[in-house]
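Visitor: I'd like a close look at one spot in this model, and then a walk outwards from there. Please keep it informal, and take your time.

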Amino acid sequence: MPRIERAARTGFCFGVRRAINQLEKLTAARGGVETLGAVVHNRQVLQRLADTGVKVVGDVSDIRGDCVVTSSHGVAPEVEEAIRARGIAVISTTCPFVRRAQVAARRLAESGFFVIVYGDARHPEVTGILGWAQGQGLATLDAKPVAALPRLPRRIGILSQTTQVPGHFVAFAKEVIDIALVKDAEIRIIDTICHDIRGRQAAALELAHRADLMLVVGGRSSANTKVLARLCADVTETHHIETAAEIKPAWLKGKTLVGVTAGASTDERTVDEVMRRLEELAG
Ligand code: SF4
């Protein structure tokens, strides 16, 4: 029967814990509150918050109350302006590490740099950071769109979505340098990857290298959970699950060590349930 081991770092990261604490205080004081988009990308956490009176609205025009909470991923300044223009107060739960990336994007744009964000262009954190670059930038996970620019900007700033893999960011930045470092060019690289994510990825990989099965627990739309699952899958058999109910007993057959890791927005209670279920199955 396999041994079950939890990675050295699981549970909410600092930014998610902070956002949830803010929301819990607000709902207790006001009896309910609206958030613009999902405040974290985890269905179980969102359900628990919904039970306490948190309502997710998809668009600024859907807000019904006199205040709205923006997510830990942050939003572009024009989104906050559109909310305030409707006479609605904004309560931000933007993680300070995301804010650092937003401020870096703003400073680069103000200094005449074209901002390239290494990240998923559809993710709210990335669209928010680009908004702070005042429209002078693009987001991508490969360097092709940079090579395809009609005129290469002379000044280029490179940032990362906070949840990306440090080694992949370095490789991307090198590719951009190869494309864009021509006469008189100036390229500034700012590492905006979050320290929690670095530690979490390193702990997951350390375990994945010893395990013959890894379970990665977290929301299917959670960017950092998906990255963890991809990293582990490069090393050993890996399954991305949201809850203990998804575990298939057949996965454990013939295994000696099953590792468990979790994304930054996965409640430790969900990880505990996964551990309990695995221990039951391992008998
Ligand atoms: S993963 Fe990092 S950047 Fe994202 S919310 Fe958590 S602490 Fe903040």
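Where is Gly-128 found, that is, in which helix? And once we've been there, what else should I look at on the way round?

Guide: Before we zoom in, keep in mind that this is a predicted model. Gly-128 is found in helix H5, which spans residues 124-132. With a relative accessible area of 2%, Gly-128 is buried, because anything under 20% gets that label. If you set aside its neighbours within four places in sequence, Gly-128 is in contact with Val-75 and Ala-76. For a sense of distance, try Ala-171: Ala-171 is 43 residues from Gly-128 along the chain, and the two C-alpha atoms are separated by 24 Å.

Now follow the chain out of H5. In the loop between H5 and strand E7 (137-140) you meet Gln-134. Is Gln-134 buried, exposed or partly exposed? Its relative accessibility is 40%, so Gln-134 counts as partly exposed. Its backbone deserves a look too: phi is near 55°, a positive value in a residue other than glycine. Most residues other than glycine have a negative phi.

There is another residue of that kind. Asp-184 is in the loop between helix H7 (166-180) and strand E9 (186-189), and its phi is near 70°, again positive without being a glycine. Asp-184 also leads you to Arg-154, which touches Asp-184, Ala-185 and Glu-186, not counting residues up to four places away in sequence. Arg-154 itself comes from the loop between helix H6 (144-147) and strand E8 (155-160). At a relative accessible area of 47%, Arg-154 is partly exposed. The C-alpha atoms of Arg-154 and Ile-187 are separated by 8.2 Å, although these residues are 33 apart along the chain.

Go past E9 and you get to Asp-191, in the loop between E9 and H8. Asp-191 is partly exposed as well, at 36% relative accessibility. Leaving out residues up to four places away in sequence, Asp-191 touches Arg-100, Phe-169 and Arg-198. Gly-65 is a good marker for the span from here: Asp-191 and Gly-65 are 38 Å apart, C-alpha to C-alpha, and 126 residues apart in sequence.

Next, the strands. What sits in E2 (residues 33-36)? One of its residues is Thr-35, which is buried, with a relative accessible area of 1%. Beyond its neighbours within four places in sequence, Thr-35 is in contact with residues including Leu-23, Lys-55, Val-68 and Val-69. Val-69 does double duty, as it is also the bridge partner of Thr-35 in E4. E2 and E4 run parallel, joined by three bridges. E4 (residues 67-70) is covered on both faces: Cys-67 and Val-69 are buried on one side, Val-68 and Thr-70 on the other. On to E5 (residues 89-92), which pairs with E4 over four bridges, again in the parallel sense. In that pairing, Thr-70 has Ser-92 as its bridge partner in E5.

Then there's the ligand. Around the ligand you'll find Cys-13, Gly-15, Cys-95, Phe-97, Val-98, Thr-162, Cys-194 and Ile-197. Sorted by class, that shell has six nonpolar residues, two polar ones and no charged ones. The space the ligand takes is the largest cavity. To place Ile-197 against something outside that shell, use Glu-110, in helix H4 (residues 96-110). Glu-110 is exposed, at 55% relative accessible area, and it is 29 Å from Ile-197, C-alpha to C-alpha, with their places 87 residues apart in sequence.

Let's end at helix H9 (residues 223-233). Why is H9 largely enclosed by the rest of the structure? Because eight of its 11 residues are buried. Those buried residues are Ala-223, Asn-224, Thr-225, Val-227, Leu-228, Ala-229, Leu-231 and Cys-232. Their cover includes helix H8 (195-210) along with strands E10 (213-217), E11 (238-241) and E12 (257-262).

How values were computed: Residues are numbered from 1 along each chain as its sequence is written. This is a predicted model: local features need pLDDT of at least 70, side-chain atom pairs count only at pLDDT 80 or more; totals for chains, interfaces and linings use all residues. Side-chain values use heavy atoms; hydrogens and water are left out. A residue is near a molecule or strand if one of its heavy atoms lies within 4 Å of it. On a 1 Å grid over the protein atoms alone, a cavity is a set of points where a 1.4 Å probe fits but cannot get out, and a pocket is an open set with protein on both sides within 12 Å along at least five of seven lines; lining residues have an atom within 4 Å of a point. A molecule sits in a cavity or pocket if more than half of its atoms lie within 2 Å of its grid points. Ala, Val, Leu, Ile, Met, Phe, Trp, Tyr, Cys and Pro count as nonpolar, Asp, Glu, Lys and Arg as charged, and the others, Gly among them, as polar. Buried means under 20% relative accessible area, exposed over 50%, partly exposed in between (1.4 Å probe, protein chains only). Helices (H or I, at least four residues) and strands (E, at least two) are DSSP runs, numbered from the N terminus. Contact means heavy atoms within 4.5 Å. Two strands pair if DSSP finds at least two bridges between them.
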